[in-house]
Structures are given as C-alpha cells and as structure tokens.
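Please give me a guided tour of this structure, with a suggestion of what to select at each stop and a note of what is there.

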Amino acid sequence: RAFLYSLCEHLLLRNSNNNINDTKEFSRIKTTIANSLKWVCQFGYEEMTIDMFHEELVELFDFIETSLSAADNNDKSASTAAGAAKDESNRNNAQQQLHAKLNEENSTSDYCTWYLRVLTAAQMKSNPDRFLPFLLADETNMMMDIPTFCSREVEPMGKECGMVTVAALAECLGVKVVIEYMDGRLSNNDNDAAVGGIGIGRSGEVVNHVFGQIHDENDEDRDRICLTLLYRPGHYDILY
C-alpha cells in the first residue's frame, strides 16, 4: 500500500513539471499496467476473477493522467498571478483527491493494492530461477516452491511484503525502490545483496537496500521513478 501511494504521488508531482522524461516514465508505467492483464493470466489467474482489480488500477492512472492534462492546460494560461494561484489550487485539489482515493477502505486502495500483489506473484512465477533461491518456509526453514510462496506470502492482503516481494514488484514495474530498515539488521547478508543490492551501513546504522536498480552505465536509470520507504517491523512508511 505504501508502494502504491508513493508511486502515484511521485507520478502526479513529477509530471506536473512537464518534463519530457517524466512524461515518458508515466506513459511507460501506465502502459505496463494497462497491458498486464493478459500477461498475468499466463500464470494461473482467471481473467474474470481479477479483471475488476486491474480495471481499478487502470482507472486510478487515468485519474492521474486527467489531472496532469488539466494542470498542463492551466500552465499554458497561468501568465498572471491569478492564473498561477488557480494552477496551484488545482494541483492541491488533485493531491487531495488522490489521497482520498488511496485511503478509502474496501475500494480503490484495497483493489489496487491487491492487484499489485498479483503483479508481484506473476513476476516471481515468470522467472522462478531468479527468486527461488531466496525462499524459505518460516517454520521449517525448508525451501518453498514459487506457487506455494505466492499463495501463502504474496497474494493474501494481510501478509507483510519482504525483500523478495519488493524486488519482484520493483522489477515488474521497472521502478527503483530504496528501503531504509529500522529492524536492527546488518548489511553483510549475501542473500540480501543478491536480491536487492545492499547498502553499506555498519552495525548501529540504518541499513539501506535498493531494489529494481539497473546495473549498466546509461541514462535510462537516471529518469526512473525512485520510491523511498522506511521499514519498521510490521510497517512501511513513505520517506520524502
């Protein structure tokens, strides 16, 4: 849920600046989500069962796009102080509407959050060799297969998202996610490094992990959405 809120807020605020790279990034993510339903159904999901959840997320991005279009039109006419004030008011109104949508229970927020869980599970199922080495059953400390892990740890709404699931979702949508951990962990775990890319914190410091990072030297990585979250046991907060 924190991922969803932060992503939508970033897209709304970044694209308000009319930067061409921000516009391309919004279009890329929106297209990925719009085209995801058929892809997801390749991994054991029934289209009739998940269609309404997918549609809810698409409509949320349509709302963001409409808000951005209105802001763009206002920018073109905001040559006076009154026009600038109206533009700022419209932006604040769009943020308030987004906040309301993403905090309404049993509606947009829950539906979109669950569909992100489906995307996460589909990403893991699409590339099992990538994620399987990091899956352990909680009690037995034995390996779980991908479908079992997804049904137990990814798809249920009440389950906390761990490092593997964060990595899968970041890679699915092509965004970077930086998480600051306040759970006392150290930064010398090889498995954590392999999944997310590890920070360089020492004992006693907040450990930073980066997920969904491109490991090549080109400009594409610079323009990607980067979400920053703070993890405390059992809860994620958005960092600004």
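Is Cys-8 buried or exposed? Select the residue: Cys-8 has a relative accessibility of 0%, so it counts as buried. Keep in mind throughout that the model is predicted.

**Stop 1: the cysteines**

Keep Cys-8 selected and add Cys-112, which holds the cysteine sulfur closest to that of Cys-8. The two sulfur atoms are 7.1 Å apart, and a disulfide needs them within 2.5 Å, so this distance is too far for a bond. The structure as a whole holds 0 disulfides. Another cysteine to select is Cys-172, which counts as buried because its relative accessibility is 14%.

**Stop 2: the whole chain**

Clear the selection and switch to a cartoon view. The protein chain has 10 helices and 4 strands. Followed from the N terminus, the elements run α-α-α-α-α-α-α-α-α-β-α-β-β-β.

Now colour by accessibility. Of the 240 residues in the protein chain, 45% are buried. The accessible surface of the chain comes to about 12,800 Å², and carbon and sulfur atoms account for 49% of that surface. A contact map gives another view: among contacts between residues at least 6 apart in sequence, 71% join residues at least 24 apart.

**Stop 3: Glu-9**

Go back to helix α1, which spans residues 2-15, and select Glu-9 within that helix. Glu-9 counts as buried because its relative accessibility is 12%. What does the side chain of Glu-9 meet in a polar contact? Show Tyr-240: its side chain and that of Glu-9 are joined by a polar contact of 2.7 Å. With neighbours within four places in sequence set aside, Glu-9 is in contact with Gln-95, Leu-98 and Tyr-240. Display these residues as sticks to see the surroundings of Glu-9.

**Stop 4: salt bridges**

The count of salt bridges comes to 9. Begin with Asp-62 and Lys-30, whose closest N and O atoms are 3.1 Å apart in a salt bridge. Asp-62 belongs to helix α4 (residues 47-77) and Lys-30 to helix α2 (residues 20-34), so this pair ties together parts that are 32 residues apart in sequence. Asp-62 is partly exposed, with a relative accessible area of 30%, whereas Lys-30 is buried, with a relative accessible area of 18%.

Keep Lys-30 in view and add Glu-65. The side chains of Lys-30 and Glu-65 meet in a salt bridge, at 3.6 Å from N to O. Lys-30 is in helix α2 and Glu-65 in helix α4, so the pair ties together parts that are 35 residues apart in sequence. Glu-65 counts as partly exposed, at 34% relative accessibility.

Move next to Glu-155 and Lys-125. Their side chains also form a salt bridge, with 3.8 Å from N to O. Glu-155 lies in the loop between α8 (146-154) and α9 (163-173), and Lys-125 lies in helix α6 (residues 108-126), so the pair ties together parts that are 30 residues apart in sequence. At 18% relative accessibility Glu-155 counts as buried, while Lys-125, at 21%, counts as partly exposed. Back at the earlier group, Lys-30, Asp-62 and Glu-65 are joined into one network by salt bridges that share partners.

**Stop 5: Leu-169**

Select Leu-169 in helix α9. Leu-169 counts as buried because its relative accessibility is 9%. How far apart in space are Leu-169 and Thr-120, C-alpha to C-alpha? The distance is 4.7 Å, for residues 49 apart in sequence. Not counting residues up to four places away in sequence, Leu-169 touches Phe-3, Leu-116 and Thr-120.

**Stop 6: the nonpolar core**

In soluble globular proteins, nonpolar side chains tend to be buried together. Here the largest nonpolar core has 61 residues. Which residues have the most contacts inside that core? They are Leu-7 and Met-124.

Finish by selecting Met-124 and showing what surrounds it. With residues up to four places away in sequence left out, Met-124 touches Phe-131, Leu-135, Ile-146, Phe-149, Cys-150, Val-154, Val-164, Thr-165 and Ala-168.

Definitions and conventions
Residues are numbered from 1 along each chain as its sequence is written. This is a predicted model: local features need pLDDT of at least 70, side-chain atom pairs count only at pLDDT 80 or more; totals for chains, interfaces and linings use all residues. Side-chain values use heavy atoms; hydrogens and water are left out. Helices (H or I, at least four residues) and strands (E, at least two) are DSSP runs, numbered from the N terminus. Buried means under 20% relative accessible area, exposed over 50%, partly exposed in between (1.4 Å probe, protein chains only). A polar contact is a pair of N or O atoms within 3.5 Å; within protein, one must be able to donate a hydrogen and the other to accept it, and residues adjacent in sequence count only if both atoms are side-chain atoms. Contact means heavy atoms within 4.5 Å. Accessible areas come from the Shrake-Rupley method with a 1.4 Å probe; for residues, only the protein chains shown count as cover. A salt bridge is a side-chain nitrogen of Lys or Arg within 4 Å of a carboxyl oxygen of Asp or Glu. A nonpolar core is a set of buried Ala, Val, Leu, Ile, Met, Phe, Trp, Tyr and Cys residues joined through side-chain atoms within 4.5 Å.
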